[in-house]
Amino acid sequence: MTDTTFASREAVMGRAIELARRGVGLVEPNPAVGAVVVDDSLHLVGEGWHEKFGGPHAEVAAIARAGAACAGGTLYVTLEPCCHVGKTPPCVDAVIAAGLRRVVVAMVDPFPQVAGKGIQKLREAGIDVEVGLLESQARRLTAPFRKLVERGIPYVHAKWAMTLDGKIASPAGDSKWISHEASRARVHALRGRMDAILVGIGTALADDPLLTARPAGPRVATRVVLDSRARLPIDSQLVRTVDQAPLVVAVGSAAPAERIAALESRGVEVLRPSNRPPAATDRPELRETLLELGRRQMTNLLVEGGGEILGSFFDGQFIDEVHVFLAPKLLGGAASKSPVAGEGRSALPILPDFESLEVEAVAGDIYLHGPLRS
C-alpha cells in the first residue's frame, strides 16, 4: 500500500469506486464494492474491495489492512455496509469493532435485508454516517446488482459490430468479419465477465458460434439460444461443447418433442414455455426467459443478436447498455441486415438515449459503449 494523502473527500470515494471495479466479473451476484480508511488528514491507512463471491467484503478487507490505525478514522465505502448474515458475517459489526469514528457511504443498499438498516445500526452505535458522496457513480457501478434485486432479471448488454453504413450482414447473412481482430478480443473479454450470452436461432444457424470467451475470463457464461422449434443442430458447435459451458435452449409450444429429446440427450437444457394460451407461446417469451435467468441469480446477460432478437429486446425495453463496434467498411444494399430490427419507434426521441457514451479507437474500429437512460 502506497503512502498516500488524498486531496479531497471526493478523491477518497473515487479511489473506493476504482477499487470496486476490480471485482466486476468475480463477485456476482453480489455487488462490486470498494472501501478506503483514512485519518483526519485524509491519509490512507487501509483499503480493500470485494474480491470474489463468498470472500470477505470490502469493508472487512480495508479494516484488516488498516489494523489498529482504524481507531478514530473514517471509512469511505461505495455501498452501505451489510447488517445480515450471508456468506460472511455482518460488515457493520466489523466497522463498529474497529473503532471507526465516521463512515461515508456512496449509496444505500437496495437489498431488502439491508436497505438502510446497516446505516441505522452504525448510527445507533454512535458512529457518524454520511450518505450520498459520488452516489451517481456508485449507482452506475451497481446497476446490474440493482436490476437483479429490484426487478428479478439480469442487466442486459446488447452487442453488435456494424459497417459505417449501419449493416451487420449481407442479404445472404455474411458477417465474418466486420470488425478488427482487436475488437473481437474486446468482445471475448466482455464475454468473460458475463453470466449468460444469448442469440437467436438465426444467428446460431448462420454462424455456428461457440459463444465462449477465448481466452477464458473469470466467469463461464451459460449460452442461451432462443429457438422456437428446437431447430439447433445436434452437431453444432454449441451442442458439441456443452461439457465446456452450459447450453440452454428456450423453445416455444410448437417445438417437436423429438427435437427436444434429441437436444436433451446431448446434455442441453431445454426451457419450455409456461402454461399460457397456445397462441402466445409460438416463440419463447423474452420476459419469461429473463425471469428464469434472474431466478438463477444471473446478473449480467450479453445479447449478441441478430437483428430480430436485438429488436425484440429493444422493443421490450430490456436493453440496459450497448457495446457497438463500428468498422470502416461499407456494405450497402437495402436488403443488407441492420443491427436492431423489430417494430422500432414511430419517431425519433427528443433526448439522447444514453446517460453517457464512451468512444474508443480499437485498431481502426470505433468502440462505443454506455448505459441507456433508465
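**Exercise 1. Determine how exposed Arg-140 is, and describe the salt bridge that joins Arg-140 to Glu-321.**

Step 1. Arg-140 has a relative accessible area of 31% and is therefore partly exposed, a class that lies between buried (under 20% relative accessible area) and exposed (over 50%), computed with a 1.4 Å probe on protein chains only. The model is a predicted one, in which local features need pLDDT of at least 70 and side-chain atom pairs count only at pLDDT 80 or more, whereas totals for chains, interfaces and linings use all residues. Residues are numbered from 1 along each chain as its sequence is written, and side-chain values use heavy atoms, with hydrogens and water left out.

Step 2. Glu-321, at 5% relative accessibility, counts as buried.

Step 3. Glu-321 and Arg-140 form a salt bridge whose closest N and O atoms are 2.9 Å apart; the term requires a side-chain nitrogen of Lys or Arg within 4 Å of a carboxyl oxygen of Asp or Glu. This pair links distant parts of the chain, since Glu-321 belongs to strand 12 (residues 321–327) and Arg-140 to helix 5 (residues 135–141), 181 residues apart. Helices (H or I, at least four residues) and strands (E, at least two) are DSSP runs, numbered from the N terminus.

**Exercise 2. Work out how Glu-292 and Arg-295 are placed in helix 11, and whether each is buried or exposed.**

Step 1. The two residues lie 3 residues apart in helix 11 (residues 286–295), so about one helical turn separates Glu-292 from Arg-295.

Step 2. Between Glu-292 and Arg-295 there is a salt bridge, with the closest N and O atoms 2.9 Å apart.

Step 3. Glu-292 is buried, with a relative accessible area of 19%, while Arg-295 counts as exposed at 58% relative accessibility.

**Exercise 3. Establish the strand order of the open sheet, and identify the strands at its edges.**

Step 1. The open sheet is formed by 5 strands in the order 2-1-3-4-5, with mixed pairing; two strands pair if DSSP finds at least two bridges between them.

Step 2. Strand 2 (44–49) and strand 5 (128–131) stand at the edges, and because each has a single partner strand, one side of each is left without a neighbour in the sheet.

Step 3. Strand 4 (residues 102–105) pairs with strand 5 in the parallel sense over 4 bridges, and Val-105 has Val-131 in strand 5 as its bridge partner.

Step 4. A network of salt bridges links Arg-9, Arg-102, Asp-128 and Glu-130.
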